[in-house]
Amino acid sequence: MKRLGVIALVIVLTGCANSQNSQSNTISQSDVSAISLDSTTPFSVSRVVVLANGVAEIMTSLNARSILVGRDISSTEKTLESIPVVTSGHQVLPEKVIALKPDLVIIDASTGPKSAIDQIRSAGIKVVQTPESWTLVDIAIKVSAVAEAIGAPAQGVLLNAAIAGAIQSSQLSSKPRIAFLYLRGTSSIYLIGGAGSGADSLISAIGGVDVGAVSLPRPFNTMTAESLAALDPEVIIVMTKGLQSVGGVSGLLKLPGVAQTRAGKSQAIIDVDDSLLLSFGPRTPSLVVALSQKVSAVLK
Amino acid sequence: MKKLAPAIALLLASFIAVYVGAVQIDNFWAALLSPGSNEILWQIRIPRVVAGLIVGASLALAGLMAQGACNNALAEPSILGTTAGASLGTVLAVLTGLVQVGSVGAIVCGALGALVATSLTFKLANLRSQLSSFALIIVGIAVSAIFTAIVGLLSAMVTRADARSISFWNFGSLALITRENLMGITITAIIGGAIAWKISPSLDRLSLGDATAFHLGEDVPRVRFLALVALSLLAGGAVSTVGSIAFIGLAAPHIARFIYGPTHRKLILHTAIIGALLVVVADTLSRTLAQPGELPIGLVTSLIGAPVLIALVSVKNNVWKTQ
């Protein structure tokens, strides 16, 4: 049984912290906060390198930042800036990892290349693979796996309870029709999120209807002008850099099909920080609240 | 009946293109007969089909001008560097921030790029001797490769959405067409088509060889220059708006020659109809075969155009000798 200190759940739901962005409909990292535990507990490891998307954030929320010695490039939170990055792009650099002398490296299915992971294992370093999280349901599984890996399962239980409690209170009564668009204008990639995109679970959590998830066959579907116009969402959610890549809201409205939707006509476009939207971790409850408030605001 | 077949097929293909799509239009006939009543039909689908018609006709006529000006059966906008020049001209103009893809400004820059690249091909091919067909094709491929590479480099180095992607410039797409884009390509198609119509008798004489054409009273450099201007306007307008769509400029004039013979004035209209038919059919297939996604239209035009051309050559392999 782990000794638990005083637990303080720091839940700062700053969806209302949009005073800076009341016109822009942007949800940035500063608009949300992570749920964190203030308890202390001994860990079974002392030097951890995380190479799995979102795990550094979970480590911080488990109050295990002190044992974090290296991270991947996708961990962009301000509190992690001082931790060395051991990846080049999304490629793991084994020399950098081994030089940090970790006793645990956490990876997921996307971590690569495989040869780099094999080299780390060959150096006698324990490597644990945690599951990826693509929906709200996955958060608890991932948090438990990370907590287990660092020898603090009770912390995982507490964090999961806090996250689950926070997610339950953001249901919109109007059931707005919402579409998630994944945009990379510089590569001419325009996709509509469907069932399993991740955004569908966020939209469900705020009481909205993901119009792509209802009628499109894949998690991400080619966005054709006609299919988007036929879905006719009232609100469109995009990633911030994705929106920038098509030239902002005005550029998005020029894409065929967007202007024909109710969202396009009323410019009900919400953009969310790229690393935040589908992170599915301790910041997600705060994101759900912020998203719920933004959707209400753009529908007024 | 055989001679009317392409026109009838074009009418049918256009109707099917307007009828089918990612979305089934409710009360189709009522929506079709009431302009503006259905947003998907009137703001998305019909503009796209109209763009396909204009772009197809433009690219086909551009091919006819290329073949006529060079007196070379293999000449077409992408082989002469015209297409790559249009892409580069447009990308450079867009990167200055002064124009947007699909605007009249972008079309002008695309046409200028096309003219510069094609002129460069002619100049380099003509360096050592009289313009030879072989040198023209080889130099054209080289110029095209250089311009395409620069477009690729710019696309990779400058991450601007409005510069579009390298796949757009290489394979083309009608997916981003809006009603506002139709004006520019209509203007270039009309001007380019008018020049083509005007010089078509001269192109007939040019097909007999430069010396013979000269002795028949033709100002060969002038005719060739006008053909290049028409080629640049037609290809520049199309490419700067929808990217490069392969094979239309090569296949459409040859199919037209097979059916209607070598006289250029006859070929102007029929080549345009066949080019429009090929693009409209290819675009309909590209947006319906892989629903809810789309296939690149450049792949579809090659898959349709190449077998047709091979079949024509097999049936009547002296089609080009009639010139």
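So, strand β11 of chain A, residues 220-222: it's joined to β9(A) by 3 bridges, and the two run antiparallel. If you want to find that pairing on screen, look for Ile192(A), whose bridge partner in β11(A) is Asn221(A). And keep in mind throughout that this is a predicted model.

β9(A) has another neighbour too. Strand β8 of chain A, residues 177-184, pairs with β9(A) over 4 bridges, again in the antiparallel sense. There, Tyr182(A) stands opposite Leu191(A) of β9(A). Now, is β9(A) enclosed or not enclosed by the rest of the structure? Well, β9(A) covers residues 189-193, and 4 of those 5 residues are buried, so the strand is largely enclosed. One general reminder while we're on strands: in a regular one, side chains alternate between the two faces of the sheet.

Okay, zooming out to chain A. We have domain 1, which is 43-151, and domain 2, which is 177-299. Their centres, taken over C-alpha atoms, are separated by 29 Å. How many residues of domain 1 are in contact with domain 2? It's 12 residues of domain 1 of chain A, against 11 residues of domain 2. On the domain 1 side of that contact, α1 (55-61) and α4 (136-149) of chain A each supply at least two residues.

Next, the core. The largest nonpolar core has 191 residues, and the ones with the most contacts inside it are Ile106(A), Val146(A), Leu181(A) and Met65(B). Which element gives the largest share? That would be helix α3 of chain B, residues 39-70, with 19 residues. Domain 1 and domain 2 of chain A both give residues to this core as well, so the core lies between them.

Let me stay on Ile106(A) for a second. Leaving aside residues up to four places away in sequence, Ile106(A) touches a list that includes Val48(A), Val50(A), Leu51(A), Val128(A) and Thr130(A). Val146(A) is on that list as well, and you just heard Val146(A) named among the core residues with the most contacts.

For contrast, go to Ser173(A), in the loop between α5 (153-167) and β8 of chain A. Ser173(A) has 7 C-beta neighbours inside 10 Å, so it counts as exposed; the cut-off for that is 12 or fewer. Here's a distance you can check yourselves: from the C-alpha of Ser173(A) to that of Val85(A), 88 residues apart along the chain, is 43 Å.

Right, chain B. What is it built from? Helices: 13 of them, with 0 strands. The C-alpha trace spans about 65 × 55 × 30 Å along its principal axes. The radius of gyration is 19 Å, and a compact globule of 323 residues would come out near 20 Å, so that agrees. Of those 323 residues, 54% count as buried. And looking at contacts between residues at least 6 apart in sequence, 77% join residues at least 24 apart.

Last stop, helix α11 of chain B, residues 248-260. At 1.5 Å a residue, its 13 residues should span 18 Å, and the end C-alpha atoms are 17 Å apart, which agrees. Is α11(B) mostly covered or mostly open? Mostly covered: 10 of the 13 residues are buried. Among them are Ile248(B), Leu250(B), Pro253(B), His254(B) and Arg257(B). Right after the helix comes Gly261(B), with a positive phi near 90°.

Note on methods: Residues are numbered from 1 along each chain as its sequence is written. Chains are lettered from A and ligands numbered from 1 in the order in which they are written. This is a predicted model: local features need pLDDT of at least 70, side-chain atom pairs count only at pLDDT 80 or more; totals for chains, interfaces and linings use all residues. The radius of gyration is taken over C-alpha atoms; the globule rule is 2.2 Å times the number of residues to the power 0.38. A residue is buried if 20 or more other C-beta atoms lie within 10 Å of its own, exposed if 12 or fewer, and partly exposed in between; C-beta atoms are placed from the backbone. Two residues are in contact if their C-beta atoms, placed from the backbone, lie within 7 Å. The expected span of a helix is 1.5 Å times one less than its number of residues. Two strands pair if DSSP finds at least two bridges between them. A nonpolar core is a set of buried Ala, Val, Leu, Ile, Met, Phe, Trp, Tyr and Cys residues joined through C-beta atoms within 7 Å. Domain bounds come from an automatic or database domain assignment.
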